[in-house]
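Please describe how the nonpolar residues of this protein are arranged, both inside it and on its surface.

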Amino acid sequence: MKFSDMKLKVLLFMFGLMSATTTMAQSSLTLDASQLSSNFKFINSEGEADSEYNPTYTGAYSLGYQYATEGGFIARANVGMRNAGATMVYDDANYLWDLQYADAKLGAGYRYNPGRFSPYLIVSAYYAYLLKGNQVQGTSNHDLIKAGELQRRDYGVVVNPGVELSLSEYISVYTEFSYLMGLQNIEAKPVEGADAVQQGYNRAFALTLGLAFTITK
């Protein structure tokens, strides 16, 4: 066999494989809303963990694009809004941290037994920008962004186990449980010569309901 003939066959095989993969793939637009239990992991300037923070219950929503193959691979990209924060009782006073982020997520995972009812697992990295950050105590509202007490940027990891149910050829519903683990210290950096900075990290559990609209398959 001539080298040129072999090269041609390899190219034809690769083209056929790419065509088959494209044919078996499905692209969807997604829309979802979540109920969150949000909290902080807080470490004081002495390196001790503070367990007095309690979760606050809030929400999130996002729009996204999902690419899934018949073999089970899933890739997903989302943009949306998410509320965060925590509560604490200190010296008989109630404190509420009320934060709001715009965020973007990019992830990949695996869907088991793609069909009408399909469980899946997706792991995503997220990047978020703080739009609002208030500390509320009674009628007092302290703007943490204006005071320079919080970092504006946050990033971390989100783990999403879920299930998807196909309602028709073009519409599916899905529900998933999420665990968000922030990796960025959201406390502002101390000024030069100040004590060691406190460390605060976003944590959240969420239950999500969503719709997926197939655009190509």
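The report below treats the nonpolar cores, then a surface patch and two of its residues.

This is a predicted model, in which local features need pLDDT of at least 70 and side-chain atom pairs count only at pLDDT 80 or more, while totals for chains, interfaces and linings use all residues. Residues are numbered from 1 along each chain as its sequence is written, and side-chain values use heavy atoms, with hydrogens and water left out.

The largest nonpolar core (buried Ala, Val, Leu, Ile, Met, Phe, Trp, Tyr and Cys residues joined through side-chain atoms within 4.5 Å, buried being under 20% relative accessible area with a 1.4 Å probe and protein chains only) has 21 residues, and Phe40, Trp97 and Leu99 are among those with the most contacts inside it. Apart from this core lies another, of six residues, including Ile74 and Ala212.

On the surface, Leu29, Tyr65, Leu211, Phe213 and Ile215 are among the residues that make a nonpolar patch of about 980 Å²; such patches take residues with over 30% relative accessible area and no salt bridge, nonpolar side chains being joined within 5 Å. Strand S10 gives the largest share, three residues. Two patch members are tabulated, with partly exposed meaning 20% to 50%.

| Residue | Relative accessibility | Class |
|---|---|---|
| Leucine 29 | 42% | partly exposed |
| Isoleucine 215 | 46% | partly exposed |

Leucine 29 lies in strand S1 (residues 26-43), and its contacts (heavy atoms within 4.5 Å), leaving aside neighbours within four places in sequence, include Gly64, Ala212 and Ile215. Although leucine 29 and alanine 212 are 183 residues apart in sequence, their C-alpha atoms are 5.6 Å apart.

Methods. Helix = DSSP H or I, 4+ residues; strand = E, 2+ residues; numbered from the N terminus. Patch = residues over 30% accessible without salt bridge, like charges linked within 9 Å, V, L, I, M, F, W, Y side chains within 5 Å. Areas by Shrake-Rupley, 256 points an atom, 1.4 Å probe, with all protein chains shown as cover. Salt bridge = Lys/Arg side-chain N within 4 Å of Asp/Glu carboxyl O.
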